[in-house]
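User: Please give me a close look at one buried or exposed spot in this chain and follow its surroundings outward. I would like a single connected account with the values kept explicit.

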Amino acid sequence: MWSVHGDGRRVRDGDQVAPNERLSWPLTIGLGLQHVAAMFGATVLVPALTGFPVTTTLLFSGIGTLLFLIITRNRVPSYLGSSFAFIAPLMATRDEGMAAQLGGVLTAGLLLMGVGVAVKALGVRLLDSVMPPVVTGAVVVLVGLNLAPTATQSFAKQPVVAVVTLATILICGVARGLLSRVSILVGMLVGWAFAAFTGALSDERLAAIATAPWFGLPELSGPQLRPSVVLLVIPVVIVLVAENAGHVKAVGTVTGRNLDGSVGDALIADGLATTLAGAGGGSGTTTYAENIGVMALTKVYSTATYAVAALTAILLSLVPKFGAVVNTMPDGVLGGATLLLYGMIGLVGVRIWMANKVDFTDPVNQLVAAAAVVAGVGNLTITIGELTIEGIAWGSMFIVLAYPLLRWWRGRGDEVTVRRPRG
């Protein structure tokens, strides 16, 4: 599957290892473990926040990554980790039960696969016409900022631990090199160690480590479809489409290849991975920018390193004691990390606007984005009969439906103005 690059032992200055190449297996395994370090903090954080089993999420993350490499035919080196976009709807639906939450994840995966099939058949330009930057940017902003109260509440429970965690992330984040790429992981580990030293860990969760076995199968659960949960999760599909398309283009830029033709395959692959996760008890997945950053730094684009990372995640999922250790993560660590991360999700939406030069002097862009973002951030919640619809769903539905209608209405007005005779 992979030809050996050069002598397999080194990469010359200015050279790079192509996706279909690899270095020697010892080096490939080492680089694969580096990808594990890059994805680990975020991938583990999502189940830690939402209450999903950590080991189950790791299992489907590894399986999903292997499927991604197969479906994209080794052309798109990427890792599929837990998607932060699922945090808000999953946390908002905790009272519905895990089965209903998994039904939402499953639905999102199926819809994403459908979008991938459409993009593969009609071309990547379909995305720009159906979901222009003003729409995708607004959805990402409201999904990220909708989580803000959760972050501040966790921060307030253990403020000292949270400050230590946040300060470490900030210091590492502005450093140069690989340290900045793993700043979240380093910050969480430092905060975790500080909490253990100061006695801020839960005694009950610490006791669970001793009773957890070293080897065992991850906890698997089945989905249940409920409209109230499905409606909250559907907007996540827009975020996943934006993330995958953007990351594929980023990988293309980094590797110097035109990968636009692989966007459809990437969406199908991530949709399948998310569907399997929803069917078995894991959180939804997405391609990870953290690992793209590692590639840009090392100039090693070999998909073999991602296969190693995926297999490592699967092996870790077979260690229940590892999951018990992760479960001891205190509120202060989660609060310190998420205070930054949720804001960064929102800023990704702003970056989408800026990168595509969205014109907010245009009244259509201005009005629909303003209403949608406030509905999401303010968590506008309305109950219709037995169905409760929350802010993320209202904000996303509003901008997706209102934008084309208002754009058509404004265009119609311009047409009438142009045709109106003077005098």
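Analyst: Helices are taken here as DSSP runs of H or I with at least four residues, numbered from the N terminus. On that basis, Asp265 is found in helix α13, which covers residues 263-280, and this residue is the starting point for what follows. The model is a predicted one, and the values below should be read with that in mind.

As a setting for the details, the chain has 423 residues, of which 52% count as buried, and its secondary structure comes to 19 helices and six strands. Among contacts in the chain with a separation of 6 or more, 81% are between residues 24 or more positions apart.

Asp265 has a relative accessible area of 3%, so it counts as buried, the limit for that class being under 20%. Its side chain makes a polar contact with the side chain of Lys120, at 2.9 Å. When neighbours within four places in sequence are left aside, the residues in contact with Asp265 are Ile71, Thr72, Arg73 and Lys120, so that Lys120 appears both in this list and as the polar partner.

One of those contacts, Arg73, leads to a backbone feature. Arg73 lies in the loop between α2 (54-71) and β3 (80-82), and Asn74 is found in that loop as well. Most residues other than glycine have a negative phi. Arg73, although not a glycine, has a positive phi of about 55°, and Asn74, again not a glycine, has a positive phi of about 60°. Their exposure is described by separate classes: Arg73, at 45% relative accessibility, counts as partly exposed, whereas Asn74 is buried because its relative accessible area is 14%, a value that falls under the 20% limit.

Elsewhere in the chain, the surroundings of helix α8 can be followed in a similar way. Two packed helices are described by the angle between their axes and the distance between the axes. For α8 (residues 159-173) and α10 (residues 183-197), the axes come within 8 Å and cross at roughly 150°, which means that α8 is roughly antiparallel to α10, since angles over 145 degrees fall in that class. The crossing of these two helices is right-handed. On the α8 side the contact involves Val160, Val161, Val164, Thr165, Thr168, Ile169, Cys172 and Gly173, and these meet Ser183, Ile184, Val186, Gly187, Met188, Val190, Gly191, Phe194 and Ala195 of α10. Taken by class, the residues of this contact divide into 11 nonpolar, six polar and no charged.

Ile171 also has its place in α8, and with a relative accessible area of 62% it is exposed. Its C-alpha lies 8.9 Å from that of Gly187, the two residues being 16 apart in sequence, and Gly187 is among the α10 residues that meet α8.

Helix α7 (residues 148-157) also packs with α8, at an angle of about 115° and with the axes 5 Å apart. Here Phe155, Ala156 and Lys157 of α7 make the contact with Pro159, Ala162, Val163 and Leu166 of α8. The residues of this contact divide into six nonpolar, no polar and one charged.

How values were computed. Residues are numbered from 1 along each chain as its sequence is written. This is a predicted model: local features need pLDDT of at least 70, side-chain atom pairs count only at pLDDT 80 or more; totals for chains, interfaces and linings use all residues. Side-chain values use heavy atoms; hydrogens and water are left out. Buried means under 20% relative accessible area, exposed over 50%, partly exposed in between (1.4 Å probe, protein chains only). A polar contact is a pair of N or O atoms within 3.5 Å; within protein, one must be able to donate a hydrogen and the other to accept it, and residues adjacent in sequence count only if both atoms are side-chain atoms. Contact means heavy atoms within 4.5 Å. Axes are lines fitted to C-alpha atoms, for helices over the stretch in contact, and angles run from 0 to 180 degrees between N-to-C directions. Angles under 35 degrees count as roughly parallel, over 145 as roughly antiparallel, 65 to 115 as roughly perpendicular and the rest as oblique. A crossing is left-handed if the near helix is turned anticlockwise from the far one by less than a right angle, and right-handed if clockwise. Ala, Val, Leu, Ile, Met, Phe, Trp, Tyr, Cys and Pro count as nonpolar, Asp, Glu, Lys and Arg as charged, and the others, Gly among them, as polar.
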